[in-house]
Amino acid sequence: MSALDRLPSGHGDRALIAGVVCLLVGALFALTPLRVQLPSAFYVFVEVGILFVIYGVLVLGLDLQYGHTGLVNFGHVVFFAVGAYATAMLSAQDTFAGIGLGYPWPLGLAAGVIAAAILGGAVSLTSIRLRGDFLAIVTLATAEIFHSVFVNFDNIFGGNVGILGVPRPIAALVTDSDTRLVATLLVLGGVTLLTLAIVTRLTEAPYGRVLRAIRADELVTRSVGKSTITYKTQAFVYGAALAGFAGGLFALYNGAVAPGFFTIQVTVTVWIGMLLGGAANHRAVLAGLAIIMGLRLVSRFALDVTPVSGDVFASIRLIVVGLILVAVIRYRPAGIWGDPQELGVDQ
């Protein structure tokens, strides 16, 4: 009996409905002469919103691994990058550097998900039995290894230039820049909401309860006949596949991929968002991610009115984010909306 067969039918309906509505409205803007005009001050908010919904899929995959199963993955960005590069390499046309095979973009997106899942399976098969801190080191090392590969193999991955000429499906349909931004935000937001609905149903099913039991006490879960290694491997692969899906969406939105887009800062951002909102609560991790990205957005405007340089201000911003995280861990160790009893922490 597969995990999908055990999904209940009454959970995640609001996210499902909202996702379908967003997709329909986004398609309306993309496929009809309907146009929208944004105030110039709104551009940055919409662009950050697009990045947020892409990172939203990424943080949902991480929450499935850590929040529900207790798997410490400090290299989540590598699956994001592999999904993006696989999508770009299969679908890019007339790229300046690297490989661009020019296949239809849906095939490239599917390849990105599969490539990330295969890498997740390889990492989990070799390292899933390791204790949490050792698994964290292995995943972090994997991310650094692949980052070096992307930089140094110019003929394949384009080096620091990356792969250009990746198709942008929504941009190809909409020539007006304002309407294109709104349609992109709605379509990708709808995809994120549908992902939230699917992940919610999965984790609220009996399958999800087994994952949480493994996080709480793996030995007890094994004693009642559950193959904890199998469940942990599945959760790790599912999370990696979601990260690859997010990477593919990023490549198709951005029109290019390069190593500079896939640094450890991506992993840090989604980890802080998850811990800030409350692990094991899908809506909470999305809210925590929104807070972190909102702070980064506000800091852009603050830079214009402060006398310090950009480098100094970037350091100050990191310090502020770090202090916020320390305060949350100190006074709300389960996160702002997390459940202390669910996560087994002292409030």
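A nonpolar core is a set of buried Ala, Val, Leu, Ile, Met, Phe, Trp, Tyr and Cys residues joined through side-chain atoms within 4.5 Å. With that idea in hand, we can start in the interior of this predicted model. Its largest nonpolar core holds 73 residues, and the members that touch the most others are Ile54, Tyr55, Leu58, Phe79, Phe80, Val257 and Phe262. Helix H2, spanning residues 43-67, gives the most to this core, with 12 residues. There is also a second, separate core of 8 residues, among them Leu202, Tyr207, Val210 and Leu211.

Phe80 is a good place to step inside. This residue is found in helix H3, and it counts as buried because its relative accessible area is 0%, where the cut-off is under 20%. What does Phe80 touch, not counting residues up to four places away in sequence? Its partners are Ile54, Tyr55, Leu58, Ala243, Ala246, Gly247, Phe250, Phe262 and Val266. For a sense of distance, look from Phe80 to Thr203: the two are 123 residues apart along the chain, and their C-alpha atoms are separated by 22 Å.

Helix H3 covers residues 76-91, and His76 is found there too. His76 is buried as well, since its relative accessibility is 0%. Its side chain has polar partners: a polar atom of the His76 side chain lies 3.0 Å from the backbone oxygen of Leu58, and the side chain makes a polar contact of 3.2 Å with the side chain of Asn73. Leaving aside neighbours within four places in sequence, His76 is in contact with Leu58, Gly61, Leu62, Gln65, Gly239, Ala243 and Thr267. Leu58 thus turns up in the contacts of His76 and in those of Phe80.

Ala243, another partner of Phe80, leads us to helix H11, residues 228-254. At 1.5 Å a residue, the 27 residues of H11 should span 39 Å, and its end C-alpha atoms are indeed 39 Å apart. Is H11 mostly enclosed or open? Of its 27 residues, 19 are buried, so the helix is largely enclosed by the rest of the structure. After H11 comes Gly255, whose phi is positive, near 80°.

Now follow the chain back to helix H1, residues 13-31. Its 19 residues should span 27 Å at 1.5 Å a residue, and the distance between its end C-alpha atoms agrees, at 27 Å. The buried residues of H1 are Ala15, Gly19, Gly26, Phe29 and Ala30. They cover an arc of only 95° around the axis, which puts them on the same side of H1. An α-helix has 3.6 residues a turn, so residues three or four places apart point the same way. On the other side of H1, Arg14, Ile17, Leu24 and Leu31 are exposed. The buried residues of H1 pack against helix H7 (169-173) and H8.

Helix H8 runs over residues 177-204 and contains Thr200. At 12% relative accessibility, Thr200 counts as buried. A polar atom of its side chain lies 2.6 Å from the backbone oxygen of Leu196. Beyond its neighbours within four places in sequence, Thr200 is in contact with Gly12 and His282.

Finally, a word on confidence. The mean pLDDT of the protein chain is 89, and 93% of its residues reach 70 or more. Over residues 3-11, however, pLDDT stays under 50, and there the model has 17 contacts beyond four places in sequence.

Technical notes:
Residues numbered from 1 in each chain as written. Heavy atoms only, no water. Buried < 20%, exposed > 50% of the residue type's maximum accessible area, 1.4 Å probe, protein only. Helix = DSSP H or I, 4+ residues; strand = E, 2+ residues; numbered from the N terminus. Expected span 1.5 Å × (residues − 1). pLDDT = per-residue confidence, 0-100. Contact = heavy atoms within 4.5 Å. Polar contact = N/O pair within 3.5 Å; in protein donor to acceptor, adjacent residues only side chain to side chain. Arc of directions from axis to C-beta.
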